[in-house]
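This report looks at one helix and the core it belongs to. Please have the sequence and the model at hand while reading.

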Amino acid sequence: MKKADFIKELADVLMTEADTLKPEVELTSFEAWDSTAVLNLVVLLDEQGVKVDEEKIPDCKTVQDLMDLAGDTLE
């Protein structure tokens, strides 16, 4: 999965525009960042073949944290 695609899909999960998702943006600044968003993100990543430690997603504080968690699976 390309980073740009990841950001677009994350924007859909957070119900925002992709251009608002800079690496330093705090996930808690989005009202939609909740347990449902975490589950939606897990499903999205799984469907795209991106393997992450699902238990670490709630610990992510920023967009960059999520990208780091996805690691080498993002092109």
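The text below describes a predicted model, beginning with helix α2.

Helix α2 runs over residues 35-47 and has 13 residues. At 1.5 Å a residue these should span 18 Å, and the end C-alpha atoms are indeed 18 Å apart, so the expected and computed values agree. At the N-terminal end, Asp-34 acts as a cap, with a side-chain oxygen 3.1 Å from the backbone nitrogen of Thr-36. After the helix comes Gly-49, which has a positive phi, near 80°.

The buried residues of α2 are Ala-37, Val-38, Leu-41, Val-42, Leu-44 and Leu-45. Because they cover an arc of only 165° around the axis, they lie on the same side of α2. The face turned away from that buried side carries exposed residues, namely Ser-35, Leu-39 and Glu-47. The cover over the buried residues of α2 includes α1 and α3.

| Helix covering α2 | Residues |
|---|---|
| α1 | 3-14 |
| α3 | 63-70 |

How many residues does the largest nonpolar core have? The count is 27, and the residues with the most contacts inside this core are Phe-6, Trp-33, Leu-41, Ile-57 and Leu-66. Each of α1, α2 and α3 supplies at least two residues of the core.

Trp-33 can be followed further. Leaving aside residues up to four places away in sequence, Trp-33 touches Leu-14, Leu-27, Thr-28, Val-38, Leu-41, Ile-57, Cys-60 and Leu-66. Among these partners, Val-38 and Leu-41 are also buried residues of α2.

Conventions
Residues are numbered from 1 along each chain as its sequence is written. This is a predicted model: local features need pLDDT of at least 70, side-chain atom pairs count only at pLDDT 80 or more; totals for chains, interfaces and linings use all residues. Side-chain values use heavy atoms; hydrogens and water are left out. Helices (H or I, at least four residues) and strands (E, at least two) are DSSP runs, numbered from the N terminus. The expected span of a helix is 1.5 Å times one less than its number of residues. Buried means under 20% relative accessible area, exposed over 50%, partly exposed in between (1.4 Å probe, protein chains only). The arc is that of the directions from the helix axis to the C-beta atoms. Contact means heavy atoms within 4.5 Å. A polar contact is a pair of N or O atoms within 3.5 Å; within protein, one must be able to donate a hydrogen and the other to accept it, and residues adjacent in sequence count only if both atoms are side-chain atoms. A nonpolar core is a set of buried Ala, Val, Leu, Ile, Met, Phe, Trp, Tyr and Cys residues joined through side-chain atoms within 4.5 Å.
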